[in-house]
Amino acid sequence: MNEKFDLIIIGGGLAGAALAVALRGSRLAIALIDNAISAPGPLKPAGWDTRIYAYTPASARFLQTLGIWDRLDHDRLCAVERMQVHGDGGGRLDFEARDSGCAELAWIGESAPLLHELWESLTRQHNVAVFAPAAPKTFTRRDASVDITLEDGRILSAALAVGADGRDSWLRQAAGIGAHGHSYSQQAIVANLRATAPHQGIARQWFRTDGTLAWLPLPGDRISLVWSVPDGIAATRMALSDDDFCQRAAEAGGRALGDFAIETPRAAFDLRFMRAERIVAPRLALVGDAAHAIHPLSGHGINLGFQDVQALAGLLGAAGSWEDIGEHALLRRYARARAEEPFLLQYTTDALARLFACRNPLVAKLRNMGLDLAARLPVAAKLLARYAANGAF
Ligand SMILES: Cc1cc2nc3c(=O)[nH]c(=O)nc-3n(C[C@H](O)[C@H](O)[C@H](O)COP(=O)(O)OP(=O)(O)OC[C@H]3O[C@@H](n4cnc5c(N)ncnc54)[C@H](O)[C@@H]3O)c2cc1C
């Protein structure tokens with residue numbers, strides 16, 4: 001016997017969970033499947049999470065409309081008022097929130113408590129059935145529905161399936177949607193550190209010949225470190241003792257925040273560029289990293305995902321009871337709404353990652369001149385502040 005729904009969401013990460021919550025007031029019956037999370041959802045973490053993200057003011061507003069932002073512990077969020085970008089040859093660029101007309105450029109906060117609050121909300125929703133942990137096995141598209149067979153044999157049917165299952169999306173592959181991509185041959189090492197000098201709400205970023213280093217301000221004397229370095233260097237840095245690692249990290253940023261001590265264990269993530277060939281197909285749509293994965297140097301991955309969710313939930317939630325939410329015309333409206341921004345942001349970020357990875361001395365000189373020139377042009381500061389705050393120029 002098939003269990004029938006209107007919508008099946010595969011993946012209950014930040015994007016998939018936010019989509020379920022955004023459809024709270026809709027008439028849609030939703031199935032949410034995740035193969036790594038156990039119902040009733042991730043526990044509220046006691047200590048600090050190593051996964052720290054920069055959330056744009058637009059993402060904060062979106063989460064506020066879902067009633068999630070205000071449920072977060074605001075003592076564990078830090079507003080970024082200024083950003084300093086350093087080149088590898090002395091170039092430097094500073095910009096401020098007021099350049100973009102915003103109170104802050106971004107909010108820096110943990111991933112785990114946000115995921116916890118999203119799941120708290122969706123498991124209380126009358127219109128969501130959670131299948132977690134559960135793994136999808138087959139995907140069958142019919143004229144008027146899709147079937148997802150789970151590994152335990154249950155069959156779920158719906159008018160539409162949404163892939164929110166991350167960069168290696170099972171649904172994208174099961175539906176035969178190709179993806180363009182390349183590895184950066186880099187790992188992002190992340191850790192929370194304590195600094196001896198105050199960060200003053202400044203996010204600092206260095207484009208160095210051995211990779212990109214970011215220090216993102218957290219409440220008190222904490223910072224989140226994101227150090228994207230070539231694979232070989234990453235292995236060596238991960239093998240260092242905590243004290244040696246902290247010393248290397250402090251030196252890499254010219255000891256701008258004094259000395260560091262480790263607050264959370266280090267973790268490393270391999271970095272890849274990925275762009276799905278299309279984000280909709282008959283009875284299927286992709287959101288978040290399933291649609292586009294981006295280098296973390298711009299700090300916009302999940303912000304793009306939340307924009308996808310907003311666009312898709314807006315269309316699905318507004319569909320009348322007589323409308324078929326899996327109909328291609330409706331899904332194409334979603335694809336059109338999301339055609340431009342992820343494309344621009346992905347390729348701008350990719351170009352920056354490649355520009356600063358290039359070891360040619362002439363290119364090195366030019367990129368530092370570029371930073372200095374941008375620093376002297378108020379319009380550039382304004383554009384960059386807007387890029388940081390909104391993910392759009
Ligand atoms: C080092 C680093 C720093 C970053 N910093 C930032 C930042 O500052 N700002 C920002 O906006 N973004 C940042 N990002 C990007 C951000 O992590 C991603 O964009 C975001 O996690 C994507 O969320 P998602 O829900 O789309 O996918 P995921 O987080 O990958 O979630 C996918 C979900 O699907 C589930 N799943 C997977 N496969 C299956 C399957 N077959 N069946 C069922 N369920 C499945 C998984 O269990 C998971 O719950 C960073 C990324 C990295 C690596």
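This is a short walk through the structure, stop by stop, with something to select at each one. Keep in mind that the model is predicted.

**Stop 1: the ligand**

Start by selecting the ligand and the 30 residues around it. The ones that come nearest are Asp 34, Tyr 53, Ala 54, Asp 289 and Ile 302, so put those up as sticks to begin with.

Now go through the polar contacts. Zoom in on Asp 34: an N or O atom of its side chain sits 2.6 Å from a ligand oxygen. Swing over to Ile 302, where the backbone does the work instead, with an N or O atom 2.8 Å from an oxygen of the ligand. Then pick Leu 14, which has a polar backbone atom 3.3 Å from a ligand oxygen. How much of the ligand does the protein bury? On its own the ligand exposes 1,000 Å², and the protein buries 83% of that.

Switch to cartoon and colour the elements that feed the shell. Helix H1 (14-22), strand S4 (52-55), strand S14 (179-195) and helix H7 (301-318) each bring at least two residues to the shell around the ligand. Which of them gives the most? That is H7, with three residues. If you colour the shell by class, you should get 16 nonpolar, 10 polar and four charged residues.

**Stop 2: Gln 125**

Next, select Gln 125, in the loop between helix H3 (112-123) and strand S9 (128-131). Is Gln 125 buried or exposed? It is buried, at 6% relative accessible area. Follow the side chain of Gln 125 to its end and you arrive at the backbone oxygen of Ala 20, 3.1 Å away.

**Stop 3: salt bridges**

Time for the charged side chains. Opposite charges can pair up when the charged atoms come close. The count here is 20 salt bridges, and a few are worth a visit.

Select Asp 168 and Arg 272 first; their closest N and O atoms are 2.7 Å apart. Asp 168 belongs to the loop between strand S13 (160-163) and helix H4 (170-174), while Arg 272 is in strand S19 (residues 267-276), so this pair ties together parts 104 residues apart in sequence. Both partners are partly exposed, Asp 168 at 47% relative accessibility and Arg 272 at 26%.

Move on to Asp 147 and Arg 142, whose side chains meet at 2.8 Å, N to O. Turn on a surface here: Asp 147 counts as buried at 6% relative accessibility, whereas Arg 142 is partly exposed at 45%.

Then try Arg 98 with Glu 96, where the closest N and O atoms of the salt bridge are 3.6 Å apart. Arg 98 is exposed, with a relative accessible area of 64%, and Glu 96 is partly exposed at 26%.

For the last one, select four residues together: Arg 194, Asp 221, Arg 222 and Glu 263. They are linked in a network of salt bridges.

**Stop 4: a nonpolar patch**

Finish on the surface. Select Phe 343, Leu 344 and Tyr 347, and you have a nonpolar patch of about 280 Å². Leu 344 is part of helix H9 (residues 341-357), and Leu 344 is partly exposed, with 45% relative accessible area.

Terms used
Residues numbered from 1 in each chain as written. Predicted model: local features only at pLDDT ≥ 70, side-chain atom pairs only at ≥ 80, totals over all residues. Heavy atoms only, no water. Buried < 20%, exposed > 50% of the residue type's maximum accessible area, 1.4 Å probe, protein only. Helix = DSSP H or I, 4+ residues; strand = E, 2+ residues; numbered from the N terminus. Patch = residues over 30% accessible without salt bridge, like charges linked within 9 Å, V, L, I, M, F, W, Y side chains within 5 Å. Areas by Shrake-Rupley, 256 points an atom, 1.4 Å probe, with all protein chains shown as cover. Near = heavy atom within 4 Å. Polar contact = N/O pair within 3.5 Å; in protein donor to acceptor, adjacent residues only side chain to side chain. Nonpolar A, V, L, I, M, F, W, Y, C, P; charged D, E, K, R; others polar.
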